[in-house]
Amino acid sequence: MSIDFYRHDLGTEAAQAVADVISTPFLTTGKVARGVEEQLRGYFDVPHALLVNSWTNGAAATLLALGVEPGDEIVVPAMTFIASANVGEVLGAVTVMTDVDPDTLLMTPEAVAAAITPRTKVVIPVHLYGQMVDVAAMRQAIDTHPDGGPHIRILEDAAHCFEGTRNGERPGRHGDAAIFSFYATKNVTCGEGGAVITRDAGLAAKLTETRLHGMSAIAVDRFAGGKYNHWDMERLGTKANLPDLLAALLPPQIETVDSKLPLRRAIADRYREAFADGPLRLPAVDPLCVSAEHLITIGVPADNRDRAIAALNETGVPVTVNYRALPDIAYYRRRYPQAADQCPHAVAWGRQTISLPLYTGLSASDQTFIIEAVKKLLYPLG
Ligand SMILES: *Cc1c(COP(=O)(O)O)cnc(C)c1O
C-alpha cells in the first residue's frame, strides 16, 4: 500500500497549454497572464487582479507598494505558515503575533484590536485550512480602535482559500487586498505562483510597478508598437511577475475549481464524520463559512504527536504538520521570546496537529485505509 500525501491533477490539457506558449517567441509575462488576470477579476468580482510568482513575492510587492518601512508593525496570527510573517521580517518590519480562537484556530478581531499600537501598519489575517476569518468584523475593530483607522491595511492571506466564502462573500471583499498562492500543493496550482486582488486602484497601480523591479512598463509594453519605449523607476520593487509559461496552467483550473469543491468537501466530511466521536481534536467548522477545504488536520496530545506521526508513516499513511506555531520556530522564538506565552492556543495546536491526505484524486479505498489506521494507531494515544 503506497498512498501519496498529495497528487496534482494536471494532465494533457496543461501540457498542451505550456507547449502553446513555447511555440510563441514570448515566454514571460504577456498575453496569457493578462487573460488569467481578467479571469480572476471576473471570478472574484474585483476591479484589479495581478498575477505574481508566489504568495511570498506578491505579499512583498504589496508591502512595498504600501510603503512599509523598517520598524513598522505587522500583526499576524501565530498559527500560520512562516511565510505570512517572514515577508514583513525581510523588509525590517516588526512581527506582532496574536493568538487564535481555540476552536476554529482563526485570528479574531478581538486579538487584533488588542495588538494595535501607533506603529501598526498592516494586519495579515490567514484563512487557515480554507476557512475564512471574519475580515469585516476585523475592519470594524481596527477602525474603532483609538490608534486604529483606515491607515492600517488588511492583507488577507488567502493561500488556503481560493474558492471558499464567508457569508457568501469571497476573499478580498473587506480587506485592502487578498493574496493567493498557486504553489504546488494548493487547490489551484501552477507549481509556483500567486495572485493579488484589490479594489484599491491606487494600490493596484503601485503594485504593477513593485511586482516588476519598480519598472514603469512590463516587457511587452516596452516593445509595444514595434519600437523600443523607455521606462523609469519611481519606487523600489521586487521581481514577482508570473511568466506566461506558468500562467498557462491556470485558466482550466480556475474554470473548474468551484465544481471540484464538492469532491474535496466529501473527502473532508468523511474524515470529520469518521473521527467525530473519537478522542481526536478537530478544528471547529464555522457555519457562516464554506471552506475551500485546503487541509484536513487532526490533533493528538502533544506528548504523543511524534509517536503518532511515526506510527502512521510506518503503516504507509503519509502525513505532515501544518503548522508548528510561529513562536515554536527557532527564528521567531529567538527574536520574540515572549510570543509563546502570549499565544497559548496557537502554540498548543501547533504541538498537537497532524495533516492527513486530502486531494481530489484520493481514492475511497485509500481513504478507508487512512481512517482505519488513524483509529487503530491514534485513538489509543488519546
Ligand atoms: C503556501 C502558503 C504561503 C506561501 O505561499 P508561496 O506561494 O509558497 O509563497 C503563505 N501563507 C500560507 C498560509 C500558505 O499556506
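Which residues line the second largest cavity? View 4 below gives the list. Everything here is a predicted model, where local features need pLDDT of at least 70, side-chain atom pairs count only at pLDDT 80 or more, and totals for chains, interfaces and linings use all residues. Residues are numbered from 1 along each chain as its sequence is written, and side-chain values use heavy atoms, with hydrogens and water left out.

**View 1. The ligand and its polar contacts.** Of the 16 residues around the ligand (a heavy atom within 4 Å of it), T56, D157, H160, S181 and K186 come nearest. Look for the polar contacts here (pairs of N or O atoms within 3.5 Å). T56 puts a polar side-chain atom 2.6 Å from a ligand oxygen, and D157 has one 2.8 Å from a ligand nitrogen. For K186, a side-chain N or O atom is 3.3 Å from an oxygen atom of the ligand. Taken alone, the ligand exposes 380 Å², and the protein buries 92% of that (Shrake-Rupley areas, 1.4 Å probe).

**View 2. The shell and the pocket around the ligand.** The ligand's space is the largest pocket. On a 1 Å grid over the protein atoms alone, a pocket is an open set of points with protein on both sides within 12 Å along at least five of seven lines, and lining residues have an atom within 4 Å of a point. A molecule sits in one if more than half of its atoms lie within 2 Å of its grid points. Helices α3 (55-65) and α4 (83-90) each give two or more residues to the ligand shell; helices are DSSP runs of H or I with at least four residues, and strands are E runs with at least two. By class, that shell has seven nonpolar, seven polar and two charged residues. The pocket has a volume of about 510 Å³ (the space filled by probe spheres set on the points). Its lining counts 29 residues, with F81, Y183, T185, K186 and Y323 nearest the centre.

**View 3. The second largest pocket.** This one has a volume of about 260 Å³. Among its 19 lining residues, Q131, R272, V285, S291 and E293 lie nearest the centre. Two or more residues apiece come from α10 (251-275), β9 (289-290) and β10 (296-299), and α10 gives the most, with three. The lining breaks down into ten nonpolar, five polar and four charged residues.

**View 4. The two cavities.** The structure holds two cavities of 30 Å³ or more; a cavity is a set of points where a 1.4 Å probe fits but cannot get out. About 160 Å³ of space lies in the largest, which is lined by 16 residues, with D9, N187, K260, R264 and T360 nearest its centre. Its lining has five nonpolar, five polar and six charged residues. The second largest cavity is about 50 Å³. Back to the opening question: its lining is A158, A159, H160, C161, F162, E163, F180, S181, F182, K186, N187 and V188. That makes seven nonpolar, three polar and two charged residues by class.

**View 5. Two backbone oddities.** Most residues other than glycine have a negative phi, and most peptide bonds are trans. The peptide bond from N322 to Y323 is cis, with omega near 5°, and Y323 is in the loop between α11 (305-314) and α12 (330-335). D45 has a positive phi, near 55°, and is found in the loop between α2 (31-44) and β1 (48-52).

Terms used:
Polar contact = N/O pair within 3.5 Å; in protein donor to acceptor, adjacent residues only side chain to side chain. Nonpolar A, V, L, I, M, F, W, Y, C, P; charged D, E, K, R; others polar.
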